[in-house]
Each structure stands twice: as structure tokens, then as C-alpha cells.
Amino acid sequence: MLEAKSLTKSFSDIRAVDKVSFSAKKGEVVGFLGPNGAGKSTTMKMITGFLAPDSGETFVGGLKVSKNSVETRKLIGYLPENAPLYSEMLVRDFLQFVAEIRGLASSSLGKEIERVVEEVSLEKVLDRRIDKLSKGFKRRVGLAQAIIHQPELLILDEPTDGLDPNQKHEVRKLINRLAQTKCIVLSTHILEEVEEVCSRAIIVSEGKIVADDSPAGLCQKAGPGGLIDISFKEEVKEEFRERIAAFSEFREIHEFQEEGGGSGFRLFLPEPSSNGDFEGLESLLALTKEFDLTVVNMRCGSSRLEDVFRELTK
Amino acid sequence: MNFGIIKSIVKREFRAYFSTPIALVFLVVFLVLSGFFTFKMGGFFERGQADLRAFFAWHPWLYLFIVPALSMRLWAEEKRTGTIELLLTLPIRLSEALLGKFLAAWAFIGFSLFMTFPIVLTVGYLGEPDYGVIWAGYLGSLLMAGSFLAVGMAISSMTKNQIISFVVSVSVCLFLILLGFEPLVSSFYQVLPDWFSRHLLNLSIPYHFESIQRGVVDAADVIYFLSLIAVSLMINGVVLENERGN
């Protein structure tokens, strides 16, 4: 359905997107994940034909976007960042405008509007002005215009950004519902969203793809095992570092600086904890006692997407 | 070019004027100012002639400020709010969006101009005007407004900032007026070679408006205004395409 080949785009001397290639099929929900400014929105703008890439090409439904921009845009439903809308319009008029431009036959126009209104629950606000709506409703209007023509490819730029938890949940439910019949590419910097709705996650950093896998696969990459985070009130001595490094239980050790000035460690275990026991925890605590360190924070768990994300986009 | 799409855009844009205070403010200011210019500055009654010269003579100056006030938002606002991304990712050609927006704004100015009809009734009541000259005046005025509008719209496409858009548009339109401004023309043009000043004068808006408003609808004048509109729309298109990297 969608194929991006080596998309590259620079703004003045900043390379916003650097040779991004990926493809997506019907039934897939691809999460574009990355810190702010990683090039997510720019990539989406190129897929939708709003921006032309400096080099590279996008194919939508087998058609070159650069050569058939009007045709490919017919196949795409797009929710731009911050869901911009013509705020002085009534919701109904706005949807009608989009439907007209999208070339929906006037006989089926009313029915299609009814369908999307029901799908995103806009019944209550249909005759209100868009600028009088809450953020959540505005976002739903944005989604409604993106799906009014039943597109095969849906591009959603931060669809849940700025919404409250309930609204976020609603939008994610809708995405899950739509996912069965479409190819969806969405961008986000919210990791739980990826785990909740995406079948695939592409992590971008500084314009480059740094990982492309299922959310579970990415977690595996971070390390198959569990992890222990531990923070101390004090700075640790060099000897402590050496002793902890000598532990065979830990596959990998990262040290980090706590904001208050203390030291923190992230210790990766080779195996996930199946019974809640964390190997090495006992000896770690014994060592802590020996060095007379004050533990201010500790977390035991399995490595999460967040860890992968932090690791890859540092 | 799909006329159905252009129609939808014109409809949306035109309605937007009336669902915001723009229409009301524009109409009131336009009508009050044209009344002021006609009766106070133009000496409509004192002239004792049943024509609308006093009304039309000030139109270049009236449009100089009022048309950029209307055109300044055409693209700048779409850019600031991000709706340009929504509009230009719909399956439309840029030319359709351009024409739709332009025609809606032009139609709105046409509507405002239409609202000055009481003045036509007034001259008709007071004397026996030559209606041919009056219609020519209206045609010239509408063409001139369209030219200012297209220039202003092209400038609006270059910025997100409506104030910049307004100030630059007024300056460019002022330049187009001054090229044919009588006091300036008579002194300044004398020092220039004859052929050069003739060309400059030919580029000026008042030069062409003057002759239409006298009742002589010359094809050259109409073509001048239409070309000014076409060139401005083309520049507008190039600016937007260029910005998107095409």
C-alpha cells in the first residue's frame, strides 16, 4: 500500500529526514516513534505530497506520489499535526466541504457524513462552530475528515497529542477499529500508544530510522531479560563500580547521574524474571550495605519499549 | 481544471466572510469611505453634473488600503493555522485552490461594490446620467480591485504574518498607483527618456482605470488588468510550489 524509498529532505542546512525507507501493508498499524524534531512530521508531509522530497520517492497504491499527486491523495486520509480546521465553519459544513472536494457523489454525501459522524461520535456537535468545540471534539472532526472517503491509507500525525486520557483512549479505540481494513501510519512520542495500537514501530532519530520492528520485538532488542534500576543518595566510589561489574548475573550495566547528585545504575539481567525473583538482587543489596549507600529509588521489571526508545534516540 | 472543486472552494471561502466579522467590517468601512470620498472630497453635489466621476476617481486610493486588508489573510492565515496543509493535501490542483480563493474574494468585493447602488439611483434621480459610462466605471473599478487583490494574495502567500502581508501589499499597490499619479508623472517623467516613461505609465493602474472610467472600454485596458491578475496568480502559484519543494 505504501512504500517510501530513501526519502530525504533538508531545511536550509538541517537535514530533517535522511534516507528514510519503509513500507506498510493493509492491516498494519505502523507507529512512527521519535523525539520531537526527529523528522516524523516531515516524513508524513512527504508521503501525503504536501512537501516534495529533495530525493527519494513515495509510492502509494503502486503510484508515484511525485507524478500522480492528485491520484495518490485520493487514496490517503490525512490528519495533519495539531489537526488544523477551518474554525469559523460548522462541523456539518466542514465535513460537507471535504466530502465535496473528495468527489463523493451528492446522493451519497449525506449518508457518508452520517457514517463518519457516528464512527467518531460527533452527533452532539454537528451544528456547532468548530472554534467553539473542545480539543477532543476538534481532533475527532479532524479524524472524521480524514476517513470520510474511506481511504485505504490513513496518515495520522500525532493523533492523540494534547488530549486528556479519556479522549486518548477513545481515539486509540477508533484507530484499532479502523486498522482491520486499512493501512495506518501514525506518529507519536507516546510509547504506551505504540504498545496499545501499533503492530509495528519505526523509531526515528535525527531524521534516520534507527529501528523497525514489532513493539515486542523492539523490547527484545533492548535485552531479553529483566532489569533493575537502582539509585543512591551518594556518589559511588570507583571500587563499588568494579565490584558491581564483576557480578556475573548482570548482562550489561549502565550508570547514570541522578539529578540530586547521586549515582544510579541500570542493570540488565539475561533472563526475564518468570517467578518474580531477580537474580543478583540479593548480592546487589549486600554490596549496597557493605558500602553504606542509601537507596533512594529502586525498580525491578522487564525492559520496556521506553528503554529501547531512550537507548536509540539519545 | 475541475470546476466542481473550484465551486466548492469559492462557496466555502465566500461563506467564511459572512461567518466572521470580516464581511460586516469591510462593507461598513468600504461604504462609509466611498461616501466620504464621493461627497466630501469629490464634491459630488458641487460639481453639478449627473455622473459618477467623483465616486470613481477615488477608488484607486480607497482600494489601496481596503483591498490589502482583505487579501492579507488569504494565505497567511492558512499558513499560520496550518489549514493550508489540510487544503493542499486534498485531491485538488494548486491552480484550483488559487482560483477558488481568488474568485471568492473578488466576488465579495463585487458584492460590496454592488452595495453602492444607491449612488447610481441618486444620480438617476437628480439628472440624466449616461449609464454606459457608469457601467464602464463599475467594470473598471472591479477589474482594478481584482488586480490589487491578486497582487495582495500573491504577497500573502509569502508570509505567515498578516501585518507584513498588509504592509507589503499596500506598498506594492501604491507603487502601481504612483506610476501613473499625475503630479509625479508630470515632473518625474520629464527627465526620463520618452519611450521609457511611456512604458512606465502603461504599467500604472490609474492610467488604465482613467480611460475605462471615462466610458471607453478599450480591450488594451481590460487586458492590462487581466494580465496583472494572471501574472500575480502565477507568482502566487510559484511561491507556494517552491515552498513545498516542487
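Where does A:Gln150 lie in chain A? Select A:Gln150 and look. This residue sits in the loop between H5 and E7 of chain A. Keep in mind that you are touring a predicted model.

**Stop 1: two loop residues with positive phi**

Stay on A:Gln150. Its phi is near 50°, a positive value in a residue other than glycine. A:Gln150 counts as partly exposed because its relative accessible area is 44%, and partly exposed covers the range between 20% and 50%.

Now select A:Asn82. You will find A:Asn82 in the loop between E6 and helix H3 (91-101) of chain A. A:Asn82 is not a glycine, yet its phi is positive, at about 65°. Is A:Asn82 buried or exposed? A:Asn82 has a relative accessible area of 56%, so it is exposed.

**Stop 2: a parallel pair in chain A**

Select strand E6, residues 76-79 of chain A. A:Ile76 and A:Tyr78 point one way. A:Gly77 and A:Leu79 point the other way. All four are buried. The general rule is that side chains in a regular strand alternate between the two faces of the sheet.

Add strand E7, residues 153-157 of chain A. E6(A) and E7(A) pair in the parallel sense, over 4 bridges. Which residue in E7(A) stands opposite A:Leu79? That partner is A:Leu156.

**Stop 3: an open sheet in chain A**

Next, trace the strands of chain A in the order E2-E1-E4-E5. These 4 strands form an open sheet with antiparallel pairing. At the edges are strand E2 (14-24) and strand E5 (63-64) of chain A, each pairing on one side only.

Zoom in on strand E4, residues 55-60 of chain A. E4(A) runs antiparallel to E5(A), and 2 bridges join them. Select A:Phe59 to see it opposite A:Lys64 in E5(A).

**Stop 4: the nonpolar cores**

Select A:Phe94, A:Leu95, A:Leu122 and B:Leu52. These have the most contacts inside the largest nonpolar core, which has 144 residues. Helix H9 (residues 131-156) of chain B gives the largest share of this core, 12 residues.

Centre on B:Leu52. Which residues does B:Leu52 touch, not counting those up to four places away in sequence? They are B:Phe44, B:Ile119, B:Val120, B:Val123, B:Ile134 and B:Tyr138.

Another core, of 16 residues, lies apart from the largest one. Among its members are A:Phe232, A:Phe240, A:Phe247 and A:Leu281.

**Stop 5: a covered helix in chain B**

Select helix H13, residues 205-213 of chain B. How many of its 9 residues are buried? The count is 7, so the helix is mostly covered. The buried ones include B:Ile205, B:His208 and B:Phe209. What covers them includes helix H4 (59-71), H9 and helix H14 (219-243) of chain B.

**Stop 6: B:Ser19 and its contacts in chain A**

Move to B:Ser19, in the loop between helix H1 (3-18) and helix H2 (22-41) of chain B. B:Ser19 counts as partly exposed because its relative accessibility is 28%. Leave aside its neighbours within four places in sequence, and B:Ser19 is in contact with A:Glu88 and A:Arg129.

**Last stop: the largest pocket**

Select B:Lys79, B:Arg80, B:Thr81, B:Gly82 and B:Glu85. Of the 24 residues lining the largest pocket, these lie nearest its centre. The pocket has a volume of about 680 Å³. Helix H5 (135-147) of chain A gives two or more residues to the lining, as do helix H5 (73-81) and helix H6 (83-88) of chain B. Colour the lining by type: 8 residues are nonpolar, 4 polar and 12 charged.

Terms used: Residues are numbered from 1 along each chain as its sequence is written. Chains are lettered from A and ligands numbered from 1 in the order in which they are written. This is a predicted model: local features need pLDDT of at least 70, side-chain atom pairs count only at pLDDT 80 or more; totals for chains, interfaces and linings use all residues. Side-chain values use heavy atoms; hydrogens and water are left out. On a 1 Å grid over the protein atoms alone, a cavity is a set of points where a 1.4 Å probe fits but cannot get out, and a pocket is an open set with protein on both sides within 12 Å along at least five of seven lines; lining residues have an atom within 4 Å of a point. Grid points are joined across faces, edges and corners, and a volume is the space filled by probe spheres set on the points. Ala, Val, Leu, Ile, Met, Phe, Trp, Tyr, Cys and Pro count as nonpolar, Asp, Glu, Lys and Arg as charged, and the others, Gly among them, as polar. Two strands pair if DSSP finds at least two bridges between them. A nonpolar core is a set of buried Ala, Val, Leu, Ile, Met, Phe, Trp, Tyr and Cys residues joined through side-chain atoms within 4.5 Å. Buried means under 20% relative accessible area, exposed over 50%, partly exposed in between (1.4 Å probe, protein chains only). Contact means heavy atoms within 4.5 Å.
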